[in-house]
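Open your viewer, bring up the sequence panel, and let's take a short walk through the model together.

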Amino acid sequence: MELAQIARSATLLLVLLNPFLLTVYLLGLVQRLKIGPFSYVLARAAAFSGVVFALFAWLGDFIFQDILQVRFAAFLVFGGIVFVVVALRFMFQGPTALESLRGGADEPGAGSIAMPFMIGAGTLNASVLAGSRQPVAGAIVAIVSALAVTVGAVVAVKALQEFVSAQHEKL
């Protein structure tokens with residue numbers, strides 16, 4: 001395993017996961033849940049995402065060409081269209097658009113965070129690239145590293161939010 005290649009793959013996935021934007025997407029949960037339940041749900045979503053990313057790092061080209069029988073570029077275009085639709089809904093509906101993507105459930109599940117917010121065309125593309133650039137073990141190390149940093153950053157923002165809201169609740 002070449003460490004530089006693992007670092008490049010992890011960085012690409014981390015940039016696409018974007019923990020700070022993920023915090024904005026999950027703002028309703030950040031405000032509603034305490035840090036323990038929030039961390040648990042987020043960790044489960046990351047584990048679910050990690051399994052999917054590892055699968056695509058290992059079998060990415062096979063999944064697209066042989067099982068789904070689509071070109072990967074078409075998948076990326078479709079992912080871009082979905083992203084534009086989500087952005088337009090957010091522009092016109094505001095934060096309620098993001099709640100509807102999660103299903104608006106009172107008890108959030110890991111899948112409701114992983115699917116619309118962590119697993120997308122870009123992150124799957126990064127996983128396929130990681131798997132094609134290095135052995136599968138190296139790709140999995142990169143995936144786990146990126147997900148660990150993402151979860152750590154989002155939980156840190158949540159902890160900061162709880163600290164600031166408790167200290168300045170009257171304001």
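Buried here means under 20% relative accessible area, exposed means over 50%, and partly exposed is in between, with a 1.4 Å probe and protein chains only. By that yardstick, 36% of the 171 residues in the chain are buried. What you are looking at is a predicted model, in which local features need pLDDT of at least 70 and side-chain atom pairs count only at pLDDT 80 or more, while totals for chains, interfaces and linings use all residues. Residues are numbered from 1 along each chain as its sequence is written, and side-chain values use heavy atoms, leaving out hydrogens and water.

**The whole chain**

Start with a cartoon view: the chain has 9 helices and 0 strands. Both kinds of element are DSSP runs numbered from the N terminus, helices being H or I with at least four residues and strands E with at least two. Switch to a surface and you have about 9,800 Å² exposed, 70% of it supplied by carbon and sulfur atoms; such areas come from the Shrake-Rupley method with a 1.4 Å probe, and for residues only the protein chains shown count as cover. A contact means heavy atoms within 4.5 Å. Of the contacts in the chain with a separation of 6 or more, 82% are between residues 24 or more positions apart.

**Select Ser9**

Ser9 sits in helix H1, residues 3–17. Is Ser9 buried or exposed? Its relative accessibility is 4%, so Ser9 counts as buried. Now add Gln134 to the selection: the two are 125 residues apart in sequence, yet their C-alpha atoms are 9.3 Å apart in space. Their side chains make a polar contact at 3.2 Å. That term covers a pair of N or O atoms within 3.5 Å; within protein, one must be able to donate a hydrogen and the other to accept it, and residues adjacent in sequence count only if both atoms are side-chain atoms. Beyond neighbours within four places in sequence, Ser9 also touches Ala130, Arg133 and Ala142, among others.

**Select Ser127**

Next, move to helix H8 (residues 121–133), where you will find Ser127. Ser127 is buried because its relative accessible area is 0%. Show the backbone of Thr123 too: its oxygen lies 3.0 Å from a polar atom of the Ser127 side chain. Leaving out neighbours within four places in sequence, Ser127 is in contact with Phe53, Phe56, Ala57 and Ile143.

**Last stop: Asn18**

Finally, pick Asn18 in the loop between H1 and helix H2 (19–25). Asn18 is not a glycine, although it has a positive phi of about 45°. With a relative accessible area of 27%, Asn18 is partly exposed.
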